[in-house]
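Biologist: I would like to learn how to read strand pairing and burial in a model. Where should we begin?

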Amino acid sequence: MSIRRTALALALALTPATAVAQTPAPPEPIPTAGPSTSAGTTGLAVRPGLEVFGQYALRLVDGSAGDAAWFHAFELPRAHASIGAGYGPAQGRFVLEAVRSAAEGALLGVAGDSLVLRVREAWAGAAITRWIELRAGVVPTLTIPEIEGTWRLRAVAPTPLEVTGLGAPADLGVTVRARLPADVGWVAVGAYNGEGYTNRELNRGKSLEAAFAAHLPRGALRPLTLFGSYVLGSSGTGLSRADRLTGALLWQGDRVRAGVSVTRGWGVDDDGARGALLVEGFARIEPVARFIVGLRATWWQRDDRVDDDQVLTLLGSVGWRLFEQLELHVAASRQTASARTLGALPGIENTELRAVTRVVF
């Protein structure tokens, strides 16, 4: 018991005080890959939630002369307060997200770069039939939640699709999802503004996304899931092309969750002629109860018009689920880049060590 008390004290110390201010309304739980249709539910059900990630990070940045600069800080990667509700086939969810008022590298933000709140999700939905679900508002998109929900280590790091800007986890729009017969997966389509939930719409074009996930109805290979999606999109005031094709082979088991995904992008950073390729492999293994090992490797071709423009990122973590509501993780990552990338993004080569806590209710 003393070990648990010590770990709990460490978790509270690592969780920044600002996260406590997110009081009554809770967060986005770990996404669970697959549909969440709840037709047949009777009576009003209200589900508040809270999810907070607090971490201490030590970052060693490689210098051009072979030296290394270092920086360390307490950080708040996520603070989500949410409330979800359902009544019969009707559903809804509202999520508030705490975020820094200025981006990394900015010297000054609103109120001295303090935390501000923005809407992460705000949607109304309905299970139209037992098989089909409709959502409208600020809705989760279809690709990132499936991959992130497979890895289930968002506390350790966001998905490479989100980090590289090739995708957004939510957007303003509408989604329709249908479960396949015999519980072998789902198919879905979505229409969005296309700028992600963090930005306002900048053009008249809208983004369309189609996705599917399929697996065997039963047997030892049921966790093996084939996932695919395509986004026909636009971005920026110039209505630049922003299309994405993603394919993934996922293993969605209980103790082992893993996958390999490939995303091809046409149009990046409001440049319709620029292409990108993102490849990732990841695993989440729980060899014994409550002990979690995470691994991920990412290769990113930033511009397919240039041969020497790649970034390689390796990440490993070990974690302990102290209670169902509390996890502790220690993570290490190494990021290297090609010569041309180093010229465009000085300081991108770095080594990072982090101690992370996750609390969810």
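Modeller: Begin with the rule for pairing: two strands pair if DSSP finds at least two bridges between them. This is a predicted model. Here strand β9 (residues 224-232) runs antiparallel to strand β12 (residues 243-252), with eight bridges between them.

Biologist: Which residue is the bridge partner of Y230 in β12?

Modeller: Y230 is bridged to L245 of β12.

Biologist: With which strand does β12 pair over ten bridges?

Modeller: That strand is β13 (residues 256-268), and the pairing is antiparallel. In β13, G265 is the bridge partner of R244. A hairpin of three residues connects β12 to β13.

Biologist: Now burial. Why is helix α3 described as largely enclosed by the rest of the structure?

Modeller: Buried means under 20% relative accessible area. Helix α3 (residues 143-151) is largely enclosed because nine of its nine residues are buried. Among them are the charged-letter positions E146 and E148, along with I144, I147 and W151.

Biologist: What follows α3, and what is the sign of its phi?

Modeller: R152 follows α3, and its phi is positive, near 55 degrees.

Biologist: Is L326 buried or exposed?

Modeller: L326 has 5% relative accessibility, so it counts as buried. L326 lies in strand β17 (residues 326-337).

Biologist: How far apart are the C-alpha atoms of L326 and V52?

Modeller: The separation is 9.9 Å, although L326 and V52 are 274 residues apart along the chain.

Definitions and conventions. Residues numbered from 1 in each chain as written. Predicted model: local features only at pLDDT ≥ 70, side-chain atom pairs only at ≥ 80, totals over all residues. Heavy atoms only, no water. Helix = DSSP H or I, 4+ residues; strand = E, 2+ residues; numbered from the N terminus. Buried < 20%, exposed > 50% of the residue type's maximum accessible area, 1.4 Å probe, protein only.
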